[in-house]
Amino acid sequence: MDLTLLKAAAFAYLFATVSFTLYLVLLRDFLSRFSPAVLLAGFVIHTTALGLASFQTGYPAVTQPQEALSFFCWVMVGVYLVVQLKYRITVLGSIIAPLAFLMSFSAFAFGPGSGELPPALKTYWLPFHITFAFLGNAVFALAFGVSLMYLAEEYQLKNKKMTILYRRFPSLETLDRLNYMFLVWGFPLMTLGIITGSLWAGVHWGDYWSWEPRQIASTIAWLFYGALLHGRITAGLRGKKAAFLTIVGFAVVLGYFLWGDAVFPNRHSGRFE
């Protein structure tokens with residue numbers, strides 16, 4: 001992967017973080033248009049970096065740890081920009097932009113990937129699996145963002161401390177509705193990611209389930225989000241409790257994504273046959 005372009009994208013995401021922060025603090029409406037534009041510029045640079053890396057290697061630039069982290073960041077920013085275009089949730093960018101900076105910075109801190117594509121990853125299932133899996137994770141990142149906003153606003157209302165942030169945040173009802181909407185989008189995508197991953201394992205290794213740490217962690221996260229969504233639909237789970245559980249779910253997803261393969265090496269990464 002071209003680390004120069006990735007560094008440029010990380011710098012743009014940092015600039016966007018500063019811009020979104022100023023939007024929250026200064027209450028200048030022009031920043032509501034400028035900040036997403038800066039994030040879009042970073043996304044374009046990031047797209048170029050990923051495209052060049054994929055062209056040079058001949059396969060999707062998602063197989064190395066730094067590539068997967070970079071791709072996760074790229075999908076997350078892309079999903080946010082689409083949501084911003086439709087719903088105008090500029091304040092959510094104040095969470096997505098710093099997340100994007102930290103993820104892209106961490107990606108180039110890993111250093112360039114190397115090596116030939118492992119045989120296990122030379123499959124037509126790869127693009128299907130990564131598309132569904134990363135889209136699901138990206139949508140859950142947005143659910144995480146609105147949940148943080150919900151808890152922050154709820155705390156201000158409960159303690160009657162109306163800071164400047166309160167003037168920018170949507171209502172609690174809107175944030176709760178967005179949380180539910182993102183869960184409804186993210187859960188089917190995660191489900192398809194798990195299904196395509198299992199089919200991939202069945203074709204290559206002959207078994208659809210092998211009790212690998214990543215499979216177990218993905219299933220735990222899937223069951224957690226499924227229970228959360230079921231509670232929202234049937235038991236009226238909402239508000240503060242739903243926001244807190246959404247944050248916990250994303251912490252599980254992000255934690256294993258960042259450290260799982262390093263702590264528990266497995267054949268999912270293509271290193272084991």
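**Exercise 1.** Explain why L22 counts as partly exposed.

*Solution.*
- Take the value for the residue: L22 has a relative accessibility of 38%.
- Apply the cut-offs: buried means under 20% relative accessible area, exposed means over 50%, and partly exposed lies in between, with a 1.4 Å probe and protein chains only.
- L22 therefore counts as partly exposed, since its relative accessibility is 38%.

The structure is a predicted model, in which local features need pLDDT of at least 70 and side-chain atom pairs count only at pLDDT 80 or more, while totals for chains, interfaces and linings use all residues. Residues are numbered from 1 along each chain as its sequence is written, and side-chain values use heavy atoms, with hydrogens and water left out.

**Exercise 2.** Place L22 in its helix and find the nonpolar surface patch that includes L22.

*Solution.*
- L22 belongs to helix α1; helices (H or I, at least four residues) and strands (E, at least two) are DSSP runs numbered from the N terminus.
- The patch consists of F11, L14, F15, V18, L22, V25, L26, F30, F34 and I164, and covers about 880 Å².
- Two elements, α1 (3-26) and α2 (30-57), give two or more residues to the patch.
- The most comes from α1, with seven residues.
- Patch residues have over 30% relative accessible area and no salt bridge; nonpolar side chains (Val, Leu, Ile, Met, Phe, Trp, Tyr) are joined within 5 Å, and like charges within 9 Å.
- A general point helps in reading the α1 part: an α-helix has 3.6 residues a turn, so residues three or four places apart point the same way.

**Exercise 3.** Describe the chain as a whole: its elements, its burial and its surface.

*Solution.*
- The chain has eight helices and zero strands, so the order from the N terminus reads α-α-α-α-α-α-α-α, by the DSSP assignment.
- There are 273 residues, and 52% of them count as buried.
- The accessible surface is about 13,100 Å², with 70% belonging to carbon and sulfur atoms; the areas come from the Shrake-Rupley method with a 1.4 Å probe, and for residues only the protein chains shown count as cover.
- Of the contacts (heavy atoms within 4.5 Å) between residues at least 6 apart in sequence, 78% join residues at least 24 apart.

**Exercise 4.** Which residues have the most contacts inside the largest nonpolar core, and what surrounds F182?

*Solution.*
- A nonpolar core is a set of buried Ala, Val, Leu, Ile, Met, Phe, Trp, Tyr and Cys residues joined through side-chain atoms within 4.5 Å.
- The largest one has 77 residues, and L39, M76, L142, F182 and Y225 have the most contacts inside it.
- At least two residues of this core come from each of α1, α2, α3 (65-87), α4 (93-109), α5 (125-159), α6, α7 and α8 (239-263).
- The largest share, 14 residues, is supplied by α5.
- F182 sits in helix α6 (residues 172-205) and counts as buried because its relative accessible area is 0%.
- Apart from neighbours within four places in sequence, F182 contacts V83, V139, L142, A143 and V146.
- The C-alpha atoms of F182 and A141 are 9.0 Å apart, with their positions 41 residues apart along the chain.
- With the same neighbours left aside, M76 contacts I96, L99, A100, M103, A138, A141 and L142.

**Exercise 5.** How many salt bridges does the structure hold, and which parts of the chain does each pair link?

*Solution.*
- A salt bridge is a side-chain nitrogen of Lys or Arg within 4 Å of a carboxyl oxygen of Asp or Glu.
- The structure holds three.
- R168 pairs with D29 at 3.7 Å, N to O. R168 is in the loop between α5 and α6, D29 is in the loop between α1 and α2, and they are 139 residues apart. R168 counts as buried because its relative accessible area is 15%.
- R232 pairs with D176, with the closest N and O atoms 2.7 Å apart. R232 is in helix α7, D176 is in helix α6, and 56 residues separate them. Both R232 and D176 are buried.
- R238 also pairs with D176, at 3.5 Å between the closest N and O atoms. R238 is in the loop between α7 and α8, 62 residues from D176 in helix α6.
- D176 counts as buried because its relative accessibility is 6%.
- D176, R232 and R238 thus belong to one salt-bridge network, by the definition of a salt bridge.

**Exercise 6.** Compare the span of helix α7 with the expected span, and list its buried residues.

*Solution.*
- Helix α7 (residues 213-234) has 22 residues.
- The expected span is 1.5 Å times one less than the number of residues, and for α7 this is 32 Å.
- From first C-alpha to last, α7 reaches 31 Å, close to the expected value.
- Its buried residues are R214, Q215, A217, A221, Y225, L228, L229, G231 and R232.
- Just after α7, G236 takes a positive phi of about 70°.
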